[in-house]
Amino acid sequence: MRSPSRRLFLKTAGATGLAIASPLVSANIITQPADIDRQLKLRNLHTGEKLSATYWAEGGYISEELAAIDHVLRDHRSGEAFHMDHTLLDQVYALQQRLGHKGTIEIISGYRSPASNAMLASKSSGVAKKSFHMLGRAVDLRMPGVELKNLRKAALKLKAGGVGYYPNSNFVHLDTGRPRFW
């Protein structure tokens, strides 16, 4: 049997390793130096809201800009906002950089409340009952001027999370789960 101090050490070391690894996963998809500002131009197709936000500058995230992004990516059905995963924002940023896209990113769905997700899942087999949208870890988007198939290819090359391809609905799904595709 392990001693309590060894158990505490292993638990602390494991948590520290995860805390250190999380930013590295995000940083590995960004090909620019860390001191370059990261900006997203978003338009929520359901609310019509537009936002241009520099969410990273001088080597760190900017909480006011993150809050503005959370608001634009809120559940348009309930009005509920949720803290969006910074890694997801970095994925979207890396994707636009890879594609050379300078325009606005159209958001079909960001955060979804559990009630909204359950309603959608009851109407469609294409909605996961335990969706990453409910955790602020997924976004459905498109980039005007970029062919959807090219958006999908670029997202797959990031190898940074889940990539769903919905050509009939004209969007790509990104999430911060394990790399996979459908």
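Tutor: Before we look at the cavities of this predicted model, one convention: Ala, Val, Leu, Ile, Met, Phe, Trp, Tyr, Cys and Pro count as nonpolar, Asp, Glu, Lys and Arg as charged, and the others, Gly among them, as polar.

Student: Okay, so what classes of residue make up the lining of the second largest cavity?

Tutor: By that scheme its lining has 3 nonpolar, 5 polar and 4 charged residues, and the lining residues include R74, D75, H76 and R77 as well as S109, G110 and Y111. Strand 4 gives the most to this lining, with 3 residues, and the volume of the second largest cavity is about 40 Å³.

Student: And which residues line the largest cavity?

Tutor: The largest cavity, with about 50 Å³ of space, is lined by L40, L42, L73, L88, L89, V92, I107 and V139, which by class makes 8 nonpolar, no polar and no charged residues. Helix 3 gives the most to that lining, with 3 residues.

Student: Where does helix 3 lie, then?

Tutor: Helix 3, residues 86–99, lies across strands 1, 2, 3, 4, 5 and 7, and runs at about 95° to strand 1.

Student: Switching to the sheet: what is the strand order?

Tutor: The 8 strands form an open sheet in the order 3-2-1-4-5-7-6-8, with mixed pairing. Strand 3 (60–61) and strand 8 (180–181) stand at the edges, and each has a single partner strand, so one side of each is left without a neighbour in the sheet.

Student: How many bridges join strand 6 to strand 8?

Tutor: There are 2 bridges between these parallel strands, and in one pairing V163 has F181 of strand 8 as its bridge partner.

Technical notes. Residues numbered from 1 in each chain as written. Predicted model: local features only at pLDDT ≥ 70, side-chain atom pairs only at ≥ 80, totals over all residues. Heavy atoms only, no water. Pairing = 2+ DSSP bridges. Helix = DSSP H or I, 4+ residues; strand = E, 2+ residues; numbered from the N terminus. Contact = heavy atoms within 4.5 Å. Axes fitted to C-alpha atoms, helices over the stretch in contact; angles between N-to-C directions. 1 Å grid on protein atoms, 1.4 Å probe; cavity = no way out; pocket = protein on both sides within 12 Å on 5 of 7 lines; lining within 4 Å. Points joined across faces, edges and corners; volume = space filled by probe spheres on them.
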